[in-house]
Amino acid sequence: MSKPAIKKKKRILSLKRLTTRYKVSIMNESTLEEVYNRRVSALGLSVITILLIIATILFFSALILYTPLKGFLPENVDDNLRETVATESLQIDSLTEVVELQDKYIEAIKAVLSGDIAVDTTAGKSAKEVLVAVQAQQFKEKTEAEKDFARNYEDDEKFNLMNATQESKSLTFQHPAKGIITGEYNPSKGSYGIDISTLPQSSVSAVYQGIVFNSGYDFSSGYYVEIIHPQNYISIYKHLAGIYVRKGENVKAGQVIGTMYNGDKGTGKHVLHFELWNENVAQNPLDYMVFE
């Protein structure tokens, strides 16, 4: 038999297999009764499968194009809707901040009512001034948790503290941020640190190795970080836009702990307030570090 004849025979057999009809039966296993049967060929089954796929595609396409689901496609999102979502997101953030400030103000009122803050110190002051006064008082008076933290830290650093006098003379701090000094240290006027005017989004670094014993946000200071260093030094960083360290975290000298605001120069939101304390006494940071 010639090769063309063989190929022709194979084509006929392939077509015959496609068109051969098979009986598909569904039977009851208990009674062996035929419940359902269907005769179908391989070609017919392929055609039905293709038609089902096409119908499914057409159905979901129509569902997306002719129903409100169309609005979820990226190219069909309304610009006004995007602007509204962004605006409402900012409003939610603002409301969250307001609620936090109100909670802190309520805590301040409770402190006044409980006698922790003398009433005569709040007379004639606005709500903001009362809150600032309460927070200042709370900072001056260490909490039990802070006392325990300092006590444990001193126990761990007992060997270093034995030579505090000699070592403190050689203790050198690096500056927390690059910038210009715009506010000087003047305790007589209530300024227990310095103000450093930085570029927007500048990084703020730890001035020396230590442990973060407090961080968070308050009404007057914005985001802040407080770090305890060897020889009972404490460095404080205020008016941050964000912080990258948590309470109890070890930090190294020069490690970035926060960032400044990306605000206009006229707002003052890119001015870092930095304080350095030792044995609960404010120190002039310029005596310990050099600014370019």
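**Core**

I started with the largest nonpolar core, which has 24 residues. I noted the residues with the most contacts inside it: Phe173, Val225, Ile227, Tyr237, Ile257, Leu272 and Phe274. Then I looked up which elements give two or more residues to this core, and got strands E4 (193-197), E7 (222-229), E8 (233-240) and E12 (271-278). Another core lies apart from it, with seven residues, including Ile211, Ile228, Ile234 and Ala282. A reminder to myself: this is a predicted model.

I picked phenylalanine 274 for a closer look. What is phenylalanine 274 in contact with, leaving aside neighbours within four places in sequence? I found Pro176, Gly193, Ile194, Ile196, Val207, Ser235, Ile236, Tyr237, Pro285 and Met289.

**Rings**

Next I went after aromatic pairs, and a search of the whole structure gave eight. I wrote down the one between phenylalanine 173 and tyrosine 288: 5.8 Å centre to centre, with 75 degrees between the planes, so edge-to-face, as the angle is over 60. The two partners sit 115 residues apart, and the pair links distant parts of the chain. Phenylalanine 173 is in the loop between helix H7 (164-170) and strand E3 (180-183), while tyrosine 288 is in the segment after strand E13 (281-283).

Are these two rings buried or exposed? Phenylalanine 173 has a relative accessible area of 4%, so I have it down as buried. Tyrosine 288 comes out at 18%, which also counts as buried because the cut-off is under 20%. I also see that ring pairs link Phe173 and Tyr288 with Tyr208 and Tyr233 into a cluster. Phe173 is thus on two of my lists, the cluster and the core residues with the most contacts.

**A three-stranded sheet**

I traced an open sheet of three strands, in the order E5-E11-E9, with antiparallel pairing. Its edge strands are E5 (203-205) and E9 (242-243), each pairing on one side only.

I went through the bridges next. E5 and E11 (residues 256-259) pair over three of them. Serine 205 stands opposite valine 256 of E11, and serine 203 stands opposite threonine 259. On the other pairing, E9 and E11 have two bridges. Which residue of E11 is the bridge partner of glycine 242? I found threonine 259, the residue I had already noted opposite serine 203.

**N-terminal side**

Helix H1 covers residues 3-19, 17 residues in total. From first C-alpha to last, H1 reaches 24 Å, close to the 24 Å expected at 1.5 Å a residue. I checked burial along H1 and got zero buried residues out of 17, so this helix lies largely in the open.

Serine 41 I looked up separately. Serine 41 lies in strand E2 (residues 34-41) and counts as buried, at 13% relative accessibility. Not counting residues up to four places away in sequence, serine 41 touches Leu18, Thr19, Thr20 and Arg21.

**Confidence**

Last, I checked pLDDT. The chain mean is 78, and 72% of residues reach 70 or more. Among the elements, strand E10 (residues 250-251) has the highest mean, 94, and H7 the lowest, 46. I marked two stretches where pLDDT stays under 50. Residues 161-169 have seven contacts beyond four places in sequence, and residues 264-268 have two. Where pLDDT is low, the predicted coordinates should not be read in detail.

Notes:
Residues numbered from 1 in each chain as written. Predicted model: local features only at pLDDT ≥ 70, side-chain atom pairs only at ≥ 80, totals over all residues. Heavy atoms only, no water. Helix = DSSP H or I, 4+ residues; strand = E, 2+ residues; numbered from the N terminus. Buried < 20%, exposed > 50% of the residue type's maximum accessible area, 1.4 Å probe, protein only. Contact = heavy atoms within 4.5 Å. Pairing = 2+ DSSP bridges. Phe/Tyr/Trp six-rings, centres within 6.5 Å; stacked < 30°, edge-to-face > 60°. Core = buried A, V, L, I, M, F, W, Y, C linked by side-chain atoms within 4.5 Å. Expected span 1.5 Å × (residues − 1). pLDDT = per-residue confidence, 0-100.
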